[in-house]
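Welcome, and please open the structure in your viewer. We will start with the whole chain and then select a few places one by one.

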Amino acid sequence: MWNKRRLIASCCFLAGLVMAGTTVRPRAAANDREFTQAERQFWSLQKVAVVAPPAVRQRQWVRTPVDAFIAAKLESHGLTPASNADRITLLRRAYLDLIGLPPAPDAVAAFLADQSPDAFAKVVDRLLASPQYGERWGRHWLDLARYAESEGFKADETRPNAWRYRDYVINAFNADKPYDRFVREQLAGDELWPGDPDARIATAFNRHYPDESNARNLLQRRQEILDDVTDTVGAVFLGMTYGCARCHNHKFDPILQKDYYRLQAFFANMRADDNILLAPAHEVERHRTRLAEWEEKTRAIRERIEALEAPKRQELLDDFVTKYPPEIQAAIAKMPAERTPIDWLMYYKAKPYIDPASHEFVATSRAVGNALKGDAKKAWQAAKAELEVFADLYPGEPAIGTGIVDAGRSAPPTHTLRLGVYDRKVEPVEPGFLTILAPGDATIALPAGVESTGRRTALANWIASPDNPLTARVMVNRIWHYHFGRGLVATPSNFGAAGERPSHPELLDWLASEFVRQGWSVKAMHRLIMNSHVYQQASAVDAPGAAALDSQNALLWRFPRHRLEGEAIRDAALAVAGELNPAIGGPSVFPELPPGMASRGGWKTSEGADRNRRSVYVFVRRNTRYPMFESFDMPDTHESCPRRDVTTSPIQALTMMNSAPVMEWAQGLAARVLDGGRANREAQIALAYKLAYSRPPTPEESKIAFDFLQRHREILAARARSGGKLAGAGALPDGVDAVDAATLVDFCHMLINSNEFVYIN
Amino acid sequence: MRIPHFVNVSSRREFLSRAGAGFGAIAFNYLLAQEGLFAAEAAGAAPAPHHTPRAKSIIWLFMEGGPSHLDLFDPKPMLDKMAGQPLPASFGRPITAMGTASNELMPSKRQWKRHGQSGLWVSDWYPEIAQHVDDMAIFQGCWADGLNHVGSVCQMNTGSILAGRPSMGAWVTYGLGTANENLPTFVILTDAGEVLGGPKNWSAGFLPASYQGTLLRREGTPIFHLAPPETVGDAQQRSKLDFLATLNRRFNAANSGDSDLDARLQSYELAYRMQSAAPEAIDLAKESDATRKLYGIDEPETEKFGTNCLLARRFVERGVRFIQLYSGSGSGWDAHENIEANHSKMCRQTDRPIAGLLTDLKARGLLDSTLVVWGGEFGRTPFNEKGTGRDHNPWGFTIWMAGGGIKGGQAIGATDEIGMKAVDVPCHVHDVHATILHLLGLNHKQLVYPHNGRDERPTIVGGRVITSALA
């Protein structure tokens with residue numbers, strides 16, 4: 001039922017950007033205030049309770065402690081759990097859930113043949129051990145991390161090494177990296193494990209903010225980035241809507257405006273580091289040697305080019321730098337010894353654009369060359385051609401990663417900001433946690449051997465502590481959410497007063513304790529949940545009374561059916577077509593775009609099998625999502641997404657029925673069905689069902705399909721007679737003609753389009 | 001039964017986020033009509049206006065890049081007098097996009113005349129639009145927050161200079177649902193490049209994704225995948241979809257209790273209908289030569305925007321609610337230098353098409369129920385850039401509206417004597433949005449959607465309806 005408290009007009013996320021004249025003017029300062037008793041007792045801020053699984057009547061239904069909590073709740077509402085899902089449905093559910101791909105017919109046969117009591121547990125173990133698991137669950141985390149491979153804003157430039165973070169996440173899930181370590185690496189890997197490339201790449205979690213390369217007011221830009229980081233960290237790790245407290249004390253939760261800036265202060269000295277050297281020392285050395293060789297051989301040519309370029313380059317650079325406000329220009333121009341911490345941050349923010357070694361450099365040789373004219377241009381082109389002769393000797397770029405670091409050991413002061421406006425400072429604050437939980441300033445130690453403040457380490461340690469009431473609860477709830485399509489707390493990034501209350505608070509606490517007890521192992525949580533009876537129920541409604549009592553199925557009296565994401569639909573279809581390229585990791589790929597896609601935001605399609613890599617490897621352009629994924633609710637990457645929308649639209653239908661890739665997958669599936677010389681129509685139908693649905697058709701279904709093929713063949717035969725083009729399906733066995741094959745393609749096409757294919761049942 | 005927006009939004013949201021609106025809402029209506037399903041939820045779920053709408057549709061003529069109010073609708077004799085002087089110290093030193101604030105003031109080279117019964121000023125750059133001033137309310141005191149194009153275009157569409165919020169078209173679709181069975185409710189047409197910032201300008205933001213606008217393509221297919229593959233004929237497609245419906249119906253029957261299964265079944269039928277309805281809507285073959293001439297389709301310079309204006313009228317006739325036409329998409333109006341050449345061209349491209357649209361709508365009796373909005377993401381500065389251009393000016397600029405509930409023949413608000421800042425009846429972007437929503441029958445404060453713990457609304461924390469604009 002709709003709750004009245006939500007009707008109160010509340011926080012003004014963006015008022016801070018307004019220069020003057022908003023109609024609502026919250027009071028300026030972050031006022032300290034007393035917390036009420038109710039706030040102090042608010043459920044998510046209490047220590048995780050030690051709870052024992054309750055005793056229940058239906059003991060035979062209880063397979064794990066999880067089931068005891070579920071059964072107790074059902075019993076108290078007079079509900080009974082649904083019957084068991086049939087074994088194939090359960091197997092397919094586990095496959096789609098854990099690896100995002102349907103089981104192949106031999107996997108189904110093996111499972112059906114295994115009558116041991118732990119047959120399903122073994123499947124879960126096997127799936128968790130497969131590399132496809134990380135590809136599936138890593139994608140969930142990327143939603144939270146607002147992961148994208150481009151800047152956003154006007155130019156939406158590519159971030160060439162962002163994909164390394166995607167691989168880091170996939171590997172972390174596959175390795176079952178303990179979640180507390182996962183948190184620490186992403187928040188402060190550079191301070192805690194500076195020598196570990198993985199930990200450095202992990203810090204890119206806070207590098208995925210949208211950014212604008214032609215921003216002039218870098219102080220304001222810095223504030224917008226800090227706001228993004230503060231909102232994201234608060235929501236993802238703590239499940240707290242810190243963002244509501246940017247301009248005033250939170251309207252519902254005990255988050256002071258001061259707390260917003262206390263959290264932000266941990267990041268006050270943060271800057272992007274897009275040059276993290278990943279290669280081991282000896283490789284770096286080898287690269288350096290080869291580069292020196294190339295430099296030696298090309299010195300004369302490069303000097304000539306440089307002489308031609310220098311004046312124009314200076315012009316471009318001057319033009320760029322003078323567009324900054326005077327104080328930014330001054331910070332850039334200062335001698336290092338004179339720079340204050342904020343000067344350093346301004347310098348580092350501008351540096352990529354004025355540093356020849358950076359990808360964002362505004363006066364690259366190409367840019368300068370384009371700007372040259374007349375004889376200078378001709379001479380430049382000739383010299384470039386000479387240089388090209390030595391291209392084979394050029395060792396290329398060393399492997400580098402992107403992430404964040406601190407700009408030095410002292411951070412600029414952080415203030416609460418009136419209305420969140422970057423230059424309306426109200427009062428200074430020090431790094432600190434939620435006042436209601438920890439009122440004092442955070443204790444921060446300067447890290448040894450790193451030019452860093454140590455602030456983020458302090459934050460990471462507080463968040464990744466077993467004593468933090470939010471961290472473990474929030475993460476186990478996310479895991480639950482992805483398994484069931486709905487969390488025990490239905491608002492996974494809002495554990496505050498305006499969020500949903502947990503449907504099973506004791507279970508949430510028990511799981512959170514268990515998570516910590518089992519070494520923050522995410523895979524242990526998967527095992528626990530999937531081996532529970534609640535996960536193994538049927539999804540069909542076999543008790544109409546339950547639907548009337550709990551239409552949302554919050555009490556889990558059946559397994560909640562949910563639709564696959566666009567990425568998973570594509571992966572599953574590629575798999576059943578036999579066309580999925582299972583290669584793991586590496587730079588992103590560029591599958592086919594719809595005809596009519598504009599050039600901006602478009603791309604050159606990858607060649608060969610790269611087109612058919614898993615969807616998690618498809619390039620993520622912030623301003624233009626891959627159209628098929630977008631139509632199936634892939635979230636906007638401008639902010640963290642804890643729960644995807646699930647919409648149904650004719651645009652999806654048009655994509656599925658008319659786009660070339662889906663048709664191609666249907667052809668692939670048809671070719672597999674025909675492979676091995678199957679001319680018998682019943683056998684074709686049976687195999688198509690097994691490949692697409694993981695099950696054989698019932699006799700009735702087989703008959704319906706048979707009749708369709710019969711009827712449809714007539715239509716296609718007429719089409720062929722009148723010279724219409726038919727879809728092919730690989731090599732044709734004896735007794736199968738082109739019309740038969742095209743008929744089968746259409747049949748397979750509709751299987752891929754069907755509800756049974758795109759839902760986890 | 002009319003239900004206010006804030007009652008029982010939770011179940012409505014749950015329902016809509018599964019069935020979707022926009023296209024999905026069509027599915028929803030279709031379900032109601034065809035299957036009689038969800039009767040209990042229907043009363044709470046069917047979108048309804050908050051008050052009687054004055055306009056059924058909106059055509060938003062978006063002059064992307066920032067047209068100069070100082071050279072079009074907001075004459076400043078004082079600017080001519082002060083030509084060559086610096087910006088008076090009383091204005092402070094604004095941070096501008098190109099750091100031009102210490103440049104000299106630049107007069108307008110335009111010839112100005114009063115027009116119509118109302119005697120409103122329009123420059124000689126817009127001679128044909130000038131004939132319609134008696135239908136127009138000219139908001140001369142508009143202001144916005146962003147300095148750069150991306151943020152400002154984004155704000156004019158979503159209320160915020162940062163991406164991620166729903167666009168007005170998405171809010172309107174959410175609030176009112178669809179008024180046609182075979183076409184999208186919110187469409188966007190462009191005439192040149194990509195709109196800066198791209199789809200986030202017509203995004204559903206945190207609303208369910210199906211509320212997003214549908215960008216019609218400038219060339220090729222207007223909607224992705226609207227045409228079946230070349231290996232699929234109509235009878236063949238119908239046969240396939242019938243088989244698919246059989247598969248889905250059997251599956252859904254065995255798995256009752258999930259309404260989205262049925263919504264998905266119906267979405268294929270809608271997609272099927274769109275394949276023929278959308279091409280029909282955009283086929284101008286049956287429009288007369290006189291009509292084409294009216295919109296300037298017979299002249300190369302006005303052909304593109306004129307075509308889009310004519311398409312807009314056809315969409316209005318077919319019940320499309322929210323139509324956005326970009327002129328100079330990709331920042332075509334961005335006259336940092338040589339504003340004479342730039343604006344002469346952009347004005348020629350749009351003057352006849354827009355005048356033709358107003359004439360045509362009126363002749364067909366559609367203007368009363370169609371709100372036409374003209375404007376950019378900001379205006380331009382009174383001081384020069386590079387001697388011949390003007391920089392971005394979000395502090396004061398002009399938007400006008402006509403038709404659908406607007407009291408024409410009036411100027412509302414004003415900028416200062418040199419056109420730098422809005423000083424009288426300042427009309428923020430949120431106020432523009434509140435007014436538009438009001439005319440469409442929606443109260444901007446009641447149109448809410450819960451997101452991250454807040455009831456978000458289109459105007460964020462601001463917005464007031466400019467009541468003097470209302471007829």
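How far apart are the mean positions of the positive and negative charges of chain A? They are 3 Å apart, taken over 94 positive and 93 negative charges.

**The whole chain**

Keep in mind that this is a predicted model. Colour chain A by confidence to begin: the mean pLDDT is 92, and 96% of the residues reach 70 or more. Now select residues 1–30 of chain A, where the pLDDT is below 50. Even so, this stretch has 86 contacts in the model beyond near neighbours in sequence.

Switch to a cartoon view next, and you can look for 29 helices and six strands in chain A. Along the principal axes, the C-alpha atoms fill a box of roughly 85 × 75 × 55 Å. The radius of gyration is 29 Å, which agrees with the value near 27 Å for a compact globule of 761 residues. In chain A, 61% of the residues are buried. Of the contacts with a separation of 6 or more, 74% are between residues 24 or more positions apart. Turn on the surface: its accessible area is about 28,700 Å², and carbon and sulfur atoms hold 54% of that.

**A covered helix**

Select residues 566–576 of chain A, which form helix α22. Ten of the eleven residues here are buried, among them A:Glu567, A:Arg570 and A:Asp571. Step just past the end of α22(A) to find A:Gly578, which has a positive phi of about 70°.

**A strand residue and its neighbours**

Go to strand β3, residues 414–417 of chain A, and pick A:Thr414. Is A:Thr414 buried or exposed? Its relative accessible area is 10%, so A:Thr414 counts as buried. Show what surrounds A:Thr414: leaving out residues up to four places away in sequence, it touches A:Tyr261, A:Ala265, A:Ala268, A:Glu427, A:Pro428 and A:Val429.

**Two loop residues with positive phi**

Your next selection is A:Trp520, in the loop between α19 (505–517) and α20 (522–530) of chain A. A:Trp520 is not a glycine, yet its phi is positive, at about 55°. With a relative accessibility of 4%, A:Trp520 is buried.

Finish at A:Leu556, in the loop that runs between α21 (544–549) and β5 (562–563) of chain A. A:Leu556 is another residue other than glycine with a positive phi, near 65°. A:Leu556 is buried too, at 5% relative accessible area.

Key:
Residues are numbered from 1 along each chain as its sequence is written. Chains are lettered from A and ligands numbered from 1 in the order in which they are written. This is a predicted model: local features need pLDDT of at least 70, side-chain atom pairs count only at pLDDT 80 or more; totals for chains, interfaces and linings use all residues. Side-chain values use heavy atoms; hydrogens and water are left out. Helices (H or I, at least four residues) and strands (E, at least two) are DSSP runs, numbered from the N terminus. The radius of gyration is taken over C-alpha atoms; the globule rule is 2.2 Å times the number of residues to the power 0.38. Buried means under 20% relative accessible area, exposed over 50%, partly exposed in between (1.4 Å probe, protein chains only). Contact means heavy atoms within 4.5 Å. Accessible areas come from the Shrake-Rupley method with a 1.4 Å probe; for residues, only the protein chains shown count as cover. Lys and Arg count as positive and Asp and Glu as negative; His and the chain ends are not counted. The place of a charge is taken as NZ of Lys, CZ of Arg, CG of Asp or CD of Glu. pLDDT is the predictor's confidence in each residue, from 0 to 100.
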